Amino acid sequence: MTATLITVAPTGAEAEASAVPALPVTLAQLVKTAIQCQEAGAAVIHVHIRDDEGRPTLSVPRLEDTVAAIREATDLVVQLSTGGAVTDSFGDRLAVLEAAPDACSLTCGTVNFGDEVFANPWGFIRDLYQRTQELGVVPEFELFDLGHVATLHRLLGDFGPPAGGHVHCDLVMGVPGGMPGDPATLVAAVAALPAGATWSATGIGRTALPVMLSALAAGGHLRVGMEDTLSFARGRPVTGNAELVERAAAVAALAQRPPMTPPEAREFLAIPPR
Ligand code: KMH
Ligand code: ZN
């Protein structure tokens with residue numbers, strides 16, 4: 001059994017900064033969170049940023065500053081979100097890559113997202129993927145539904161392997177409108193992945209723990225963080241991202257699959273040296 005890749009998704013674009021005081025929204029808070037989460041066992045950070053009012057933004061200069069600051073303070077693989085918020089334009093989402101992160105998320109299809117729609121039509125997926133190849137940014141394929149796996153096969157068939165050459169996916173489970181976060185669905189999604197692909201899984205909200213346990217049992221990797229869940233347990237809000245990473249690292253160690261270090265993660269994900 002291999003070690004466990006732990007990704008932390010500390011902020012997201014959905015939670016209201018004013019309603020969730022523990023959410024890291026300033027650059028200083030994000031950097032402090034990154035340091036704590038690396039110490040707790042994370043190797044990758046999935047980054048969404050906020051503006052001075054705490055609202056989601058895709059400002060490229062701000063993203064550049066964020067990438068530089070996290071690199072300065074940690075060894076984490078810096079993965080910028082190209083999903084942004086449901087209100088972001090395709091142009092702004094494509095421009096995220098200009099901030100030159102190590103990696104980025106790349107969602108492989110449209111999905112109902114609660115009362116909203118997270119739009120990812122084929123033309124956008126294709127353009128984003130080709131731009132990652134041009135810039136040498138390693139994509140992580142976000143799969144919110146089984147149909148997204150079919151689109152991943154199409155993408156790889158039409159345009160070849162990603163930057164770095166290795167395919168790593170993240171099953172995002174339990175979004176209202178996407179695939180449910182349960183063991184049977186996880187097994188079905190994993191069975192449909194391209195040969196040689198590796199995968200993580202994240203369970204949104206109350207599916208966080210069933211998905212974590214199922215993923216470890218099935219040989220997968222983990223994503224945790226306040227983007228995905230704001231409750232540590234029933235009736236007990238998360239006090240910070242590090243406690244979610246600590247719990248994931250403890251469960252992974254119990255499964256005899258301790259956390260990967262950031263250098264091990266870079267090799268595992270085939271992140272090209274900068
Ligand atoms: N905020 C969601 C609409 C990603 O980061 O790539 C999309 C999302 C996926 O979070
Ligand atoms: Zn995200």
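## Zinc site and ligand 1 pocket

In this predicted model, the zinc ion (ligand 2) is coordinated at 2.1 Å by H46 (NE2), H48 (NE2) and E227 (OE), where donors are N, O and S atoms within 2.8 Å of the metal (3.2 Å for Na, K and Ca), and sites may look incomplete since water is not among the atoms. Along the chain these donors follow the spacing H-x1-H-x178-E. H48 lies in the loop between strand 2 (44-47) and strand 3 (49-50), and E227 in the loop between strand 12 (221-224) and strand 13 (231-233), so the pair ties together parts that are 179 residues apart in sequence; strands are DSSP runs (E, at least two residues), numbered from the N terminus.

The residues around ligand 1, meaning those with a heavy atom within 4 Å of it, include H46, H48 and E227. Polar contacts (pairs of N or O atoms within 3.5 Å) to oxygen atoms of ligand 1 are listed below.

| Residue and atom | Distance to ligand 1 oxygen |
|---|---|
| H46, side-chain N or O | 3.0 Å |
| G83, polar backbone atom | 3.3 Å |
| S105, polar side-chain atom | 2.6 Å |

Taken alone, ligand 1 exposes 300 Å², of which the protein buries 97% (Shrake-Rupley method, 1.4 Å probe).

Residues are numbered from 1 along each chain as its sequence is written, and chains are lettered from A and ligands numbered from 1 in the order written. Local features need pLDDT of at least 70, side-chain atom pairs count only at pLDDT 80 or more, and totals for chains, interfaces and linings use all residues, while side-chain values use heavy atoms, with hydrogens and water left out.

Key
A polar contact is a pair of N or O atoms within 3.5 Å; within protein, one must be able to donate a hydrogen and the other to accept it, and residues adjacent in sequence count only if both atoms are side-chain atoms. Helices (H or I, at least four residues) and strands (E, at least two) are DSSP runs, numbered from the N terminus.
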